[in-house]
Amino acid sequence: MFDFVPVSLGAIIPGQVPDPISLDFPWLTLSILFPIGGSLLVPFFPDEGEGKQVRWYALGIALITFLITVGAYLKGYDPSQEGLQLSERIEWLPDLGLTWSVGADGLSMPLILLTSFITALAVLAAWPVSFKPKLFFFLILAMDGGQIAVFAVQDMLLFFLAWELELLPVYLLLAIWGGKKRQYAATKFIIYTAGSSLFILLAGLAMGFFGGGAPNFEFTHLANQNFGTGFQLLCYGGLLIAFGVKLPIVPLHTWLPDAHGEATAPVHMLLAGILLKMGGYALLRFNAQLLPAAHAQFAPLLIVLGVVNIIYAALTSFAQRNLKRKIAYSSISHMGFVLIGIGSFSSLGTSGAMLQMISHGLIGASLFFLVGATYDRTHTLQLNEMGGVGQKMRIMFALWTVCSLASLALPGMSGFVSELMVFAGLVTDEVYTLPFRIVIAGLAAIGVILTPIYLLSMLREIFFGKENTELLAKRELVDAEPREIYIIASLLVPIIGIGLYPRIMTETYTASIDGLVARDKLAVERIVNTSESKNYDKTFLPSTSSAPKLNIYSSSGY
Amino acid sequence: MLSPAEIAWLIPLLPLFGAIASGLGLIGFNQRINRLKKPVAIVLLTCVGASAVLSFAVLFEQIFNPHTVEHLFVWASAGDFTLPMGYVVDSLGAVMLALVTTIALLVMVYSHGYMSHDKGYVRFFTYLALFSSSMLGLIISPNLLEIYVFWELVGMCSYLLVGFWYDRDGAAHAAQKAFVVNRVGDFGLLLGILGLFWATGTFDFRGIAIGLSDAISLGSVPEWAALGLCFLVFLGPMAKSAQFPLHVWLPDAMEGPTPISALIHAATMVAAGVFLVARLEPLYSQFPLINLLIAIFGTITCFLGASIALTQMDLKKGLAYSTVSQLGYMMLAMGCGAPIAGMFHLVTHAFFKAMLFLGSGSVIHAMEEVVGHEPVLAQDMRLMGGLRKKMPITSSTFLIGCVAISGIPPLAGFWSKDEILGQAFNTFPILWIVGFLTAGMTAFYMFRLYFLTFEGEFRGHNEDLKINLLASAGKEKDEEDFHGSGSIHESSWSMTVPLIVLAVPSILIGFLGAPWNSSFAKLLSMEEASKMASEFTWSGFLPLAFASVLISCAGISVAYFAYYSKKIDLHSMVVKKFPTINTFFAKKWYLDEINEKLFVRGSRKLAREVLEVDAKVVDGVVNLTGLLTLGSGEGLKYFETGRAQFYALIIFGGVIALVALFGVLGN
């Protein structure tokens, strides 16, 4: 049933992706199919209509899914391996080249864990949902499986299917349970994402059929193909648009404030916590891993776009008066660091990008959950209509403060480590010229000033100052309940854990990232050697003689 | 027996555990914990007290046997990059550890009295413990990056504590301002640290200094870049130690409770900048230009703080600008290449300024009994006067503080300030003149504070004045706020004991730094101490010392005649003749206005414009292109009626059709 591919340890040919390692237990298939299967049973689950029973069922399924992914990580995943692990292959439609191929490497595994973790918390966050609860939990669970599939599948066509499949639940969750402008927001979301995903299909087909013969869409196959540079550039451009919408990259981001602005808290957590990461993951998986020659050309663009993201979205967030949209823009700003890290050609920077995705997944989810919890009490998202709320809701105030501080990259929490790694990766990166690095680091660091401006202003307007008498007259402000504290605490444990000792997270993927970056660097080297391209060669040193000076102090003495 | 330095990592951890325990308690069992005031205070005091004992053990060990203990572990790694963290204990750190734990402990005892009726008592103690922990961590950081970590954490504690009374608008704004202005400095610090890492491949203090000079001599790092990086790093201390022009946050931070002003905004956190410059001495000493810049910024700050303090009517604001000015002196010392003199002033200043702030807190506490909790009234010296007879302990310790800061021998301030002025005289004579004049101003404004507060007639019952003061602050009288007894009395033991304890070092500690036999210098660096002792001549020391005592006495006399015996009318003599200068000082050099107009409103306007562009242009264009690709108006209707999933289904269906097609063809 499962192909056992011989394990190639030891010498890895440069430029080649190592062979997958398979396991005798289908962990990943199970983690994809179990929640989907569970969701299909939701309609038959007895419920009195208020969702009081079905939510326990959904929570159970989500927790078991989380345990399955944890099991996969503990039993079948070896962080020191660079290539695919937990690999499963079943020929599905051989003539089409469609294979059920799943697996996980350092790029996938942390995000799979993140997905099942955030989904379980989102189910808990959806406790008060009483409108069509069965449909709601059905969609959430289906999405859980779909999203794990996005990160786990190792076949381009399957990836496309999973990517599209995940759109429907999100669309429905937005359109049925959203705010006042939910139809508009849902429509915009689907137009943007579905429209842009055409490029994935086109690029995927082109890559799968490349070189004639039977089509093969598997990543391991594609990674070892010798695509021409022109072909790579075309595919890269198309994919960049598709993933740029998802991440999002300015100026393709305008669906996000609308979608996030209308979504309910649990959907919101999923959108910010996982959906945005699909864009970053796909950029790493396809653009950086499968198309290294094009990546070498496009990377500076990624970095520039990343800086634009950071500053532009921070400014728009500052001006926003709607709480949800404010946080939505802050997500865009934080994703800028992911872009810079991916474009940096250094293991440190790319690791930072990966960590930033995980970290933002946790912090973004916590902030969006708090927005929802606050809205439940104030019934308004306009900052003008709040004020002095902290006197009635003291625990809520404390939770908000901690999560905002996490979001503004306070040391001791995960956001700081990831941003620091991106910065350090960028400045020590010998691929780019010194002036370019200086300008980019300087501009990106402006985000360090802008982030506290908008986040602390937000806290001040919600919680500080005299109590808003109009609001108090209309609403009863109750403090956070244990369920809410529990959700935030669950998110804070990994946030602070990573912040205190980042290696617990970074060690799970460094091997894969190192391999990826090494291949991308080879591609840059090839460009420098073959053509006299003036873009990079000024400070680039071939890897044999690369920067011996750099390590004198960091490696000796400790 | 285990050497104290080997377990020095416990020093920041003990208060941290205390803070975590009571913090979790506050979140989990808010009301129950809030009732347990005394037990929580005792637990946290024990934690900080244990740290203090350990710190003194470390200090004594360093006194008898100066050596450096360093332990590191790999905190993060990627590729060939490793980032060690850990702790280091040396004599400089040991001095700071002892200083911070002592003052933190005393401030906690004091807070027990000061905050006893506050409903946020437990939260306050939790924050205090958290701050102590971060500050102690900063001191034992072995490299720049770890310093940055704790640098941000003390900034966060400052944010939480300035905004402690979060129902006050002023506190909310001040807290945010403090954090954001410090982030502007951190922006430079972070870039500087990253740049130095690029240039030298390490974050370690000595490694950076050696690496940078090697890199310059090899030519791999240009000189201008090295200078730029050093200056960027200095931006951090500039914000944290309230140097011009990033000092604007410190006076506003007085919105926080007074024990905080004493601990964070006078004695410890604001000194972190000076401490960092001292740590980076091996780096900065290579670049005379950077040292000159530091000295110039220090001098400007020193003069600016003193000049604004001349006109302040708010007791705490007056002390705050005095702190700004004294921090300027410390930076001046650092710029003159005399870190020992700067560190010595840091230590003496920490004691007497903490005492002065705690004394002002005692005064404010008493005033609140008469005028209510409105800070505009309780802190205004126009309503005080004649408090000496009613508050003997507070007034005498405050007087000791004033004498000490004015530089009258043999109190602490004389020795440390004179050392700085002497260094400046030898290095930058022009800057010495400014520092010298500022010494006179210092004496004047400090005694002005003393006379206005403690001498003369009590003016707290003047209702017209109160109404005027409230009106000029744009506030209304809040009758409900008043719970006072209506009479002034001395504060409780828990507030007066710390004052008395702090008075001892304020008087005596100066002798440790006597220039001919400085035990302080011997502790920090044997070489420097012997150099100081050998260069010392009475003929060089006496004229300068005599001059500074003279100008201080002049300042005190002017204050005496103007505010005590009322023989000089400064208003008609000075204010009317030079109205521009007076308004310039009273308006704080217009820096707050510039800040407000240029940066606050500017950034808001820019942000609004960007959002406008985002909503109209970017969204518009992308929407349009999105629609165009969809083609006909027929399709549009689908989306507007909310059936856009149709679109996704088309693609999805397309793929399925493709799959089916191939499946059929294949067979």
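**Notes on a predicted two-chain model**

1. Chain B contains 30 helices and two strands. The model is a predicted one, and the points below should be read with that in mind.

2. Overall dimensions of chain B. Along the principal axes, the C-alpha atoms of chain B occupy a box of roughly 110 × 65 × 55 Å. The radius of gyration of chain B is 29 Å; a compact globule of 667 residues would have one near 26 Å, so the two agree.

3. Packing within chain B. Of the 667 residues in chain B, 55% are buried. Among contacts in chain B with a separation of 6 or more, 79% join residues 24 or more positions apart.

4. Helix H7 of chain B, length and bend. This helix covers residues 169–200, and its 32 residues should span 46 Å at 1.5 Å a residue. The C-alpha atoms at its ends are 46 Å apart, which agrees with that expectation. H7(B) nevertheless has a kink of about 25 degrees, and the kink is centred on Gly185(B).

5. Helix H7 of chain B, surroundings. H7(B) is mostly covered, with 28 of its 32 residues buried. Just after H7(B) comes Gly201(B), which takes a positive phi of about 75 degrees.

6. Helix H12 of chain B. How many of the eight residues of this helix, 272–279, are buried? Eight of the eight are, so H12(B) is largely enclosed by the rest of the structure. The cut-off behind this is 20 or more other C-beta atoms within 10 Å of a residue's own. The buried residues of H12(B) include Val274(B), Phe275(B), Leu276(B) and Val277(B), and Arg279(B) is also one of them.

7. The interface. In chain A, 77 residues are in contact with 65 residues of chain B. Helix H16 of chain A, residues 434–463, gives the most to the side of chain A that touches chain B, with 11 residues. By class, that side of chain A has 47 nonpolar, 22 polar and eight charged residues.

8. Tyr501(A). Where does this residue lie? Tyr501(A) is in the loop between helix H18 (482–500) and helix H19 (503–506) of chain A. Tyr501(A) has 15 other C-beta atoms within 10 Å. A residue is buried at 20 or more such atoms and exposed at 12 or fewer, so Tyr501(A) counts as partly exposed. From C-alpha to C-alpha, Tyr501(A) and Ala142(A) are 34 Å apart in space, and they are 359 residues apart in sequence.

Terms used
Residues are numbered from 1 along each chain as its sequence is written. Chains are lettered from A and ligands numbered from 1 in the order in which they are written. This is a predicted model: local features need pLDDT of at least 70, side-chain atom pairs count only at pLDDT 80 or more; totals for chains, interfaces and linings use all residues. Two residues are in contact if their C-beta atoms, placed from the backbone, lie within 7 Å. Helices (H or I, at least four residues) and strands (E, at least two) are DSSP runs, numbered from the N terminus. Ala, Val, Leu, Ile, Met, Phe, Trp, Tyr, Cys and Pro count as nonpolar, Asp, Glu, Lys and Arg as charged, and the others, Gly among them, as polar. The expected span of a helix is 1.5 Å times one less than its number of residues. The bend at a residue is the angle between axes fitted to the seven residues ending there and the seven starting there. The radius of gyration is taken over C-alpha atoms; the globule rule is 2.2 Å times the number of residues to the power 0.38.
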